[in-house]
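Student: I am new to this structure and would like a close look at a single helix. Could you walk me through one, and show me how it sits in the whole?

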Amino acid sequence: MLEKDIQEILFTEEQLKKRVEEIARQIEADYAGREIMFIGILRGSFVFMADLCRAVDLPCTLDFMSVSSYGTGTTSSGQVQITKDLSEDITGRHVIVVEDILDSGNTLSYLLNILEHRHPASVRLCALLDKPDRRVKPVKLHYSGFSIPDAFVVGYGLDYAEKYRSLPYIGILKPEVYGG
Ligand code: PRP
């Protein structure tokens, strides 16, 4: 039913699963002997976060934050606001921020700066998708799933106007759906 709005599948379920496993192996190698605190940025990261944390064979805790940046449009506003803060203290913790997509960098540069000021032992960023051509603010991305062109992508947690998050693959939305 949602498929009719998809122009092209960018990453299949199998490709996503394989890449998540590869990132998990990298994280296991980097964090061996330590406990990880995964911080998922709602809402887009929830599917990736669920798959990634189950793929990483190390002790971990999970927490979530919610920030607003996009509204329902297709471009980042640069205005970032915390709408739900963490439940846990991150002091002395090894934090991995988990995101679905790194786009302009507005959201993550703001967020990483805030987290650094809370004195974690370390903070790294893991984003499934990266749109480097769209970057406005520089952000260090330690774990990147796929670099993608500037297309409007949905599925595997990513939405357009809150829909399509439940698609098991990542696809490019037909421009007529968002009036492009
Ligand atoms: C997306 C994504 C990042 C942000 C990245 O979230 O999850 O938080 O946009 O964009 P930027 O690099 O241009 O700042 P969105 O605001 O779409 O909210 P959602 O996760 O609830 O879909």
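Tutor: Let's begin with a word we will need: a residue is buried when its relative accessible area is under 20%, exposed when it is over 50%, and partly exposed in between, with a 1.4 Å probe and protein chains only. By that standard, 49% of the 180 residues of the chain are buried. Please keep in mind that this is a predicted model, where local features need pLDDT of at least 70, side-chain atom pairs count only at pLDDT 80 or more, and totals for chains, interfaces and linings use all residues. Residues are numbered from 1 along each chain as its sequence is written, and side-chain values use heavy atoms, with hydrogens and water left out.

Now to the helix, H3, which covers residues 106–116. Helices (H or I, at least four residues) and strands (E, at least two) are DSSP runs, numbered from the N terminus. The chain has 4 helices and 9 strands, and from the N terminus their order is β-α-β-α-β-β-β-α-β-β-β-β-α.

Within H3, the buried residues are Asn106, Thr107, Leu108, Leu111, Leu112 and Leu115. Their cover includes four strands: E2 (36–42), E3 (60–68), E5 (94–102) and E6 (122–130). Contact here means heavy atoms within 4.5 Å. Looking at the whole chain, 67% of the contacts with a separation of 6 or more are between residues 24 or more positions apart. Finally, the C-alpha trace spans about 50 × 35 × 25 Å along its principal axes.
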